[in-house]
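Open your viewer and get ready to click along. Each stop on this tour tells you what to select next and what you will find there.

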Amino acid sequence: MGDTTHTAADTLHRRGLMFILSSPSGAGKTTLSRMLLAKDGEIKLSVSATTRPPRPNEVDGVHYHFVSPERFQQMIDEDDFYEWAEVFGHRYGTPKGIIRAALKEGQDFLFDIDWQGTQQLYQKDQQDVVRVFILPPSIDELHRRLKGRATDSAEVINARMERARAEISHWDGYDYVIINDDVNVCFEKVRAILEAERMKRARQTGLIPFVRGLMG
Ligand code: ADP
Ligand code: 5GP
């Protein structure tokens, strides 16, 4: 008989992963992120700091840490960021916080960050990063979604549309690309990727003792 003091569930420890969802603004990554956080109890949002003002119904500490430009600069000077970038005239950054230690404990993190942040995170930590890019079904639909969201002025929407092409050009820096046509279909694809990535052999750090137990 093998070691019967452990069950498969408690021996199969795994390393957490950094799950990045990027897209041109308006393609749906915030919607998909919220669906994932609501449905999957094992993943937490990495809350970025930003100098952008909050949108209606955005909560400080939940959607972002909203900070002044001076505070953001101080965080850069104190080396508090994993990565940071300037997007649409505002600064956004991933605070280091507890991420490294929590990954080791098996906690997964969701990152809603742009291609610049994705490249920086990937350079720092290739083994833990999973990069997913969301595309809109068409440019017209992207425009409709940005207008429909009704959170930005016409001027801001036009600036985001102008940026969309440049953002889309970074699609090839990602491991997975999904077209967000029907949101529920797209969401199931996001979940399938996450589940498969969790089962990668290299992440299942508990496999060696488990297999040893199986072999008696
Ligand atoms: P992003 O975070 O990429 O900027 P959002 O998630 O805020 O985009 O989505 C932009 C708008 O499009 C929102 O109003 C959202 O409800 C809507 N939306 C997202 N996905 C879809 C979809 N598959 N079909 C139709 N509307 C969508
Ligand atoms: P929004 O203002 O719509 O919330 O975000 C604008 C852009 O900034 C999005 O493309 C989003 O992915 C990106 N972003 C949000 N947080 C971060 C971050 O911490 N780092 C980087 N590099 N980009 C971020």
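Start by selecting Val 132 and showing everything it touches: leaving out residues up to four places away in sequence, the contacts are Phe 19, Ile 20, Leu 21, Ser 22, Tyr 174, Tyr 176, Ile 178 and Ile 193. Keep in mind as you look around that this is a predicted model.

**The nonpolar cores**

Now widen the selection to the largest nonpolar core, which has 23 residues. Which of its members touch the most others? They are Val 132 itself, along with Phe 19, Leu 21, Leu 36 and Ile 134. Colour by element and you can see who contributes: strand 1, helix 2 (29-39), strand 8, helix 6 (139-149), helix 7 (154-168) and helix 8 (183-198) each give two or more residues to this core. Helix 8 supplies the largest share, with 5 residues. A second core, separate from this one, has 11 residues, among them Tyr 82, Phe 109, Leu 121 and Val 129.

**Strand 1 and its neighbours**

Next, select residues 18-22, which form strand 1. Is this strand enclosed or open? It is largely enclosed by the rest of the structure, because 5 of its 5 residues are buried. Turn on the side chains to see two directions: Met 18, Ile 20 and Ser 22 point one way, while Phe 19 and Leu 21 point the other way.

Strand 1 has partners to add to your view. One is strand 7 (residues 108-112), joined to strand 1 by 4 bridges and running parallel to it. Look for Met 18 here, which stands opposite Phe 109 of strand 7. Another partner is strand 8 (residues 129-135), which pairs with strand 1 in the parallel sense over 5 bridges. On that side, Ile 20 faces Arg 131 of strand 8. If you display hydrogen bonds, keep one general point in mind: strands of a sheet pair through backbone hydrogen bonds, either parallel or antiparallel.

**The four-stranded open sheet**

Hide those strands for now and bring up the open sheet of 4 strands, whose order is 4-3-6-5 and whose pairing is mixed. Which strands lie at the edges? Strand 4 (65-66) and strand 5 do, each pairing on one side only.

Walk across the sheet from strand 4. Strand 3 and strand 4 run parallel and are joined by 2 bridges. Click on Thr 50 and you will find its bridge partner, Phe 66, in strand 4. Moving on, strand 3 (residues 49-50) is joined to strand 6 by 2 bridges, and here the strands run antiparallel. Ala 49 stands opposite Gly 93 of strand 6.

Finish the walk at strand 5 (residues 81-87), which pairs with strand 6 in the antiparallel sense over 6 bridges. Ala 85 has Tyr 92 of strand 6 as its bridge partner. Zoom in on the turn of this hairpin: there are 2 residues between the strands, and Phe 88 takes a positive phi near 50 degrees.

**Thr 94**

Stay with strand 6 (residues 90-95) and select Thr 94. Is this residue buried or exposed? Its relative accessible area is 0%, so Thr 94 is buried. Show its contacts beyond four places in sequence and you will see Ser 46, Ser 48, Asp 80, Phe 81, Tyr 82, Glu 83, Ile 99, Phe 111 and Ile 113.

**Ligand 2**

Now select ligand 2, which is surrounded by 16 residues, the closest being Ser 48, Arg 52, Tyr 64, Glu 83 and Tyr 92. Tyr 92 has a polar side-chain atom 2.5 Å from an oxygen atom of this ligand. In the side chain of Arg 52, an N or O atom is 2.6 Å from an oxygen atom of ligand 2. Ile 113 comes in through its backbone, with an N or O atom 3.5 Å from a ligand oxygen. Taken alone, ligand 2 exposes 520 Å², and the protein buries 96% of that.

**Ligand 1**

For the last stop, select ligand 1. It is surrounded by 15 residues, and Gly 26, Thr 30, Thr 31, Arg 149 and Asn 180 are the closest. A polar atom in the Asn 180 side chain lies 2.8 Å from a nitrogen atom of ligand 1. Two backbones are worth showing as well: Gly 28 has an N or O atom 3.0 Å from an oxygen atom of the ligand, and a polar backbone atom of Val 183 is 3.3 Å from a nitrogen atom of ligand 1. On its own, ligand 1 exposes 560 Å², of which the protein buries 76%.

Methods
Residues are numbered from 1 along each chain as its sequence is written. Chains are lettered from A and ligands numbered from 1 in the order in which they are written. This is a predicted model: local features need pLDDT of at least 70, side-chain atom pairs count only at pLDDT 80 or more; totals for chains, interfaces and linings use all residues. Side-chain values use heavy atoms; hydrogens and water are left out. Buried means under 20% relative accessible area, exposed over 50%, partly exposed in between (1.4 Å probe, protein chains only). Contact means heavy atoms within 4.5 Å. Two strands pair if DSSP finds at least two bridges between them. A residue is near a molecule or strand if one of its heavy atoms lies within 4 Å of it. A polar contact is a pair of N or O atoms within 3.5 Å; within protein, one must be able to donate a hydrogen and the other to accept it, and residues adjacent in sequence count only if both atoms are side-chain atoms. Accessible areas come from the Shrake-Rupley method with a 1.4 Å probe; for residues, only the protein chains shown count as cover. A nonpolar core is a set of buried Ala, Val, Leu, Ile, Met, Phe, Trp, Tyr and Cys residues joined through side-chain atoms within 4.5 Å.
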